[in-house]
Amino acid sequence: RKMSKVTFSDQQVVQHVNSGFVAVAIDVDADRKLAKEIGAERLPTTVVLTPDRKVLKTIVGYQSPTRLKDHLDMVGPEKEAASDSYLVHTSVHGQR
C-alpha cells in the first residue's frame with residue numbers, strides 16, 4: 001500500500017517509469033504462477049523484466065521514490081538490454 005500511495009504516485013517516479021517501462025501490477029493471490037515465475041517470494045516485490053520475461057532486476061521491499069528511481073536507473077531505457085522492459089509490482093488483493 002505504501003508504495004502505491006507514496007512511491008508510485010510521485011510525479012518524478014511516474015515520469016521515469018513512463019519514459020521507458022511498461023508498468024504492470026499483479027495480485028499474487030490471483031496469479032501465483034506468474035509471481036513464482038518472476039521470483040516474487042516476498043511482498044512487495046518490484047521486478048524489471050524484458051518482454052520475453054528475462055528478469056533484469058528484482059527489488060524486494062518498500063522503496064522510497066528516490067531509491068526506486070536509483071534502481072531503475074541501473075536498468076533504465078538508456079541501457080540497450082532494458083529497452084521496452086516491464087516494471088512489475090506485486091501485491092496482494094486490495095493492496096496495490
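## The start of helix H2

At the start of H2, Asp10 points a side-chain oxygen at the backbone. That oxygen comes to within 3.0 Å of the backbone nitrogen of Gln12. The model described here is a predicted one.

## Two sides of H2

Which residues of H2 are buried? They are Val13, His16 and Val17. Viewed down the helix axis, the buried residues of H2 fall within an arc of 95 degrees, so they line one face of the helix.

The other side of H2 holds exposed residues. These are Gln11, Gln15 and Asn18.

## Nonpolar cores

In soluble globular proteins, nonpolar side chains tend to be buried together. Here, the largest nonpolar core has 10 residues. Val13 and Val17 belong to this core. Its other members are Met3, Phe21, Val48, Ile59, Leu68, Leu72, Val75 and Leu87. Helices H2 and H4 each supply at least two residues of this core.

There is also a second core, separate from the largest one. It has 9 residues, among them Ala35, Ile38, Ala40 and Leu49.

## The largest pocket

How much space lies in the largest pocket? The value is about 170 Å³. The pocket is lined by 12 residues. Those closest to its centre are Phe8, Val17, Ala23, Leu87 and His89. Val17 and Leu87 are also members of the largest nonpolar core.

Three elements give two or more residues to the lining: H2, strand S1 (21-27) and strand S4 (85-91). The largest share, 4 residues, comes from H2. By type, the lining divides into 8 nonpolar, 3 polar and 1 charged.

## Asp73 in helix H4

Asp73 sits in helix H4, which covers residues 65-74. Is Asp73 buried, exposed or partly exposed? Its relative accessibility is 34%, so Asp73 counts as partly exposed.

Asp73 and His16 are 57 residues apart along the chain. Their C-alpha atoms are separated by 9.0 Å. His16 is one of the buried residues of H2.

## Lys2 in helix H1

Lys2 lies in helix H1, residues 2-7. Its relative accessibility is 52%, and exposed means over 50%, so Lys2 counts as exposed.

Lys2 and Pro44 are 42 residues apart along the chain. A distance of 9.6 Å separates their C-alpha atoms.

Notes:
Residues are numbered from 1 along each chain as its sequence is written. This is a predicted model: local features need pLDDT of at least 70, side-chain atom pairs count only at pLDDT 80 or more; totals for chains, interfaces and linings use all residues. Side-chain values use heavy atoms; hydrogens and water are left out. Buried means under 20% relative accessible area, exposed over 50%, partly exposed in between (1.4 Å probe, protein chains only). A nonpolar core is a set of buried Ala, Val, Leu, Ile, Met, Phe, Trp, Tyr and Cys residues joined through side-chain atoms within 4.5 Å. On a 1 Å grid over the protein atoms alone, a cavity is a set of points where a 1.4 Å probe fits but cannot get out, and a pocket is an open set with protein on both sides within 12 Å along at least five of seven lines; lining residues have an atom within 4 Å of a point. Grid points are joined across faces, edges and corners, and a volume is the space filled by probe spheres set on the points. Ala, Val, Leu, Ile, Met, Phe, Trp, Tyr, Cys and Pro count as nonpolar, Asp, Glu, Lys and Arg as charged, and the others, Gly among them, as polar. The arc is that of the directions from the helix axis to the C-beta atoms. A polar contact is a pair of N or O atoms within 3.5 Å; within protein, one must be able to donate a hydrogen and the other to accept it, and residues adjacent in sequence count only if both atoms are side-chain atoms.
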